[in-house]
Amino acid sequence: MSMRKLTRRVMVGSVPVGGGAPVSVQSMTNTPTEDAGATLQQISLLAEAGCDIVRVAVPNYRKDHLLRRALRSLEEIVEGSPIPVVADVHFDHTLALAALEAGVHGLRINPGNIGGPEKVREVAEAAGRRGVPIRVGVNAGSLRRDILERYGHPTAEALVESALEEIGVLESCGFYDIKVSVKASSVPLTIEAYRLLSREVDYPLHVGVSEAGPPWSGTVRSAVGIGTLLAEGIGDTIRVSLAGDPLREVRVGVAILKALEMSRGGVDVVACPTCARTRIDVAGIAEELEERLAGCRAPLRVAVMGCAVNGPGEAREADLGVAGGRSKGLLFRKGEPLGWYPKEELLGVLLAEVEKMEKEYLEKEGL
Ligand code: SF4
C-alpha cells in the first residue's frame with residue numbers, strides 16, 4: 001500500500017473529507033426527493049450500514065408546485081437525516097441556491113452546465129457564506145463537446161482538463177472548498193484519470209467508477225477501480241455505483257475499505273473456500289454473519305472454517321472463530337477453545353458471542 005496523498009480538508013457537515021481523515025463512504029438515494037418519509041427511511045438504512053454522506057438529487061421540475069414540494073421535502077430530509085446530505089444539482093443555478101437555503105451540507109454541481117460564470121459566482125458565494133463545499137463532478141459520458149472534439153474521445157487528459165477548467169471557475173470566485181471527481185465507466189480510464197488528477201491538484205478526491213453496472217459485475221468493477229486507487233494512496237471519499245438498491249453500494253464500499261484494512265471498525269468475516277472436507281454450512285453462516293453484523297461497532301475478525309484439518313489454525317487466529325466437525329463445531333475466542341456446539345446452534349452462538357465482545361469493546365472505549 002502506498003502512503004495516502006495528503007489533500008486539503010473540507011467538511012461535509014460533521015464529516016471531514018481529505019487532509020488525512022478516514023476515507024468516507026457515500027451513496028445516493030433513489031427514492032423520490034419529494035417523498036421525505038421514504039427518503040429518510042432509506043437514508044437511515046444506509047447510515048446503519050456504514051454510509052457517512054448521502055447524496056440526494058434535486059430534480060429539475062418544470063412545474064412550480066412540484067419543485068416547491070421537492071424543496072420543502074429536501075429541507076425535511078436535511079433536518080431528519082442522521083448523516084450529512086449533499087444536493088445533486090444540474091442545469092439550474094437557482095436549484096443550487098434553493099438547496100443551500102434548505103440547509104444541505106454539500107453541493108454537487110457541474111459549473112459548466114449551471115448557466116455561465118455569473119451564476120457560478122452566485123452559487124459559490126452562497127456556498128462560501130454557509131461553509132458548504134462543492135464537488136466538481138466530471139463524467140466521461142457528459143464531457144463538453146469542444147473538449148471531446150479536441151481529444152477525439154473521452155481520455156484521462158480530457159477528463160482532467162475539464163475538471164481543471166471547472167475548478168478554475170470556482171477558484172476565480174475565491175472558492176476553494178472543493179472536492180473533485182473524474183468518473184468513467186471504463187475502469188482503466190477511471191484509474192488513469194484519477195492518477196493524473198491527483199498529480200495536478202491537492203483537493204480531496206471523490207473516487208468512483210460511473211455506471212459500474214448490475215450488482216455482481218458492478219461490484220467487481222468498483223472494487224478493482226476504487227481499490228486500485230485507494231491502494232495507491234489516491235482517494236478521500238468513495239461511492240460505489242450499482243444499479244438498484246443503494247444499500248448494496250454502501251455494503252460494497254464498506255467491504256472495499258475493510259479489504260484494504262482502511263475501515264474504522266466493524267466485523268470482518270473471513271471464511272474458507274470449502275472443499276470435500278467441509279462439515280458445516282460455511283457459506284450460509286458467513287453470509288448470515290456478514291448481513292446480521294453489518295452495524296456492529298467493534299473491530300472484530302470472525303473466521304468460519306469448514307473442517308478440523310485446516311480450520312482450527314485460522315479460527316484460533318481470529319477474534320472469534322469456528323472450525324467445523326462431523327456434527328458439531330469447535331468455537332475459539334481469542335485463540336482459546338470455548339467448546340463444541342451442535343451445527344445448528346453455531347450461528348446463534350457466534351452472534352451472541354459477537355454481541356458480548358461488542359459490549360465489552362464499547363465499555364472499554366467508553367462509547
Ligand atoms: Fe477444506 Fe477445511 Fe480448508 Fe475449509 S478449512 S477449505 S473445509 S480444508
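Here is a short walk through some packed helices and the nonpolar cores of this structure. This is a predicted model, where local features need pLDDT of at least 70, side-chain atom pairs count only at pLDDT 80 or more, and totals for chains, interfaces and linings use all residues. Residues are numbered from 1 along each chain as its sequence is written, and side-chain values use heavy atoms, with hydrogens and water left out.

Let's begin with the helices. Two packed helices are described by the angle between their axes and the distance between the axes. Helices here are DSSP runs (H or I, at least four residues), numbered from the N terminus, and axes are lines fitted to C-alpha atoms over the stretch in contact, with angles from 0 to 180 degrees between N-to-C directions. Find helix 7 (residues 187–200) and helix 8 (residues 215–231): they pack at about 20°, with axes 10 Å apart. Helix 7 and helix 8 are therefore roughly parallel (angles under 35 degrees). Their contact (heavy atoms within 4.5 Å) includes Tyr194 of helix 7 and Val224 of helix 8.

Now look at helix 6 (residues 156–171), whose axis comes within 8 Å of that of helix 7 and crosses at roughly 45°. Helix 6 and helix 7 are therefore oblique to each other, the word for angles that are not under 35, over 145 or 65 to 115 degrees. Among the residues that meet are Leu159 in helix 6 and Leu196 in helix 7.

Leu159 leads us to the largest nonpolar core, where Leu159 is one of the five among 81 residues that touch the most other members. Such a core is a set of buried Ala, Val, Leu, Ile, Met, Phe, Trp, Tyr and Cys residues joined through side-chain atoms within 4.5 Å; buried means under 20% relative accessible area (1.4 Å probe, protein chains only). A second, separate core of 30 residues includes Val267 and Met357.

Note on methods. Helix = DSSP H or I, 4+ residues; strand = E, 2+ residues; numbered from the N terminus. Buried < 20%, exposed > 50% of the residue type's maximum accessible area, 1.4 Å probe, protein only.
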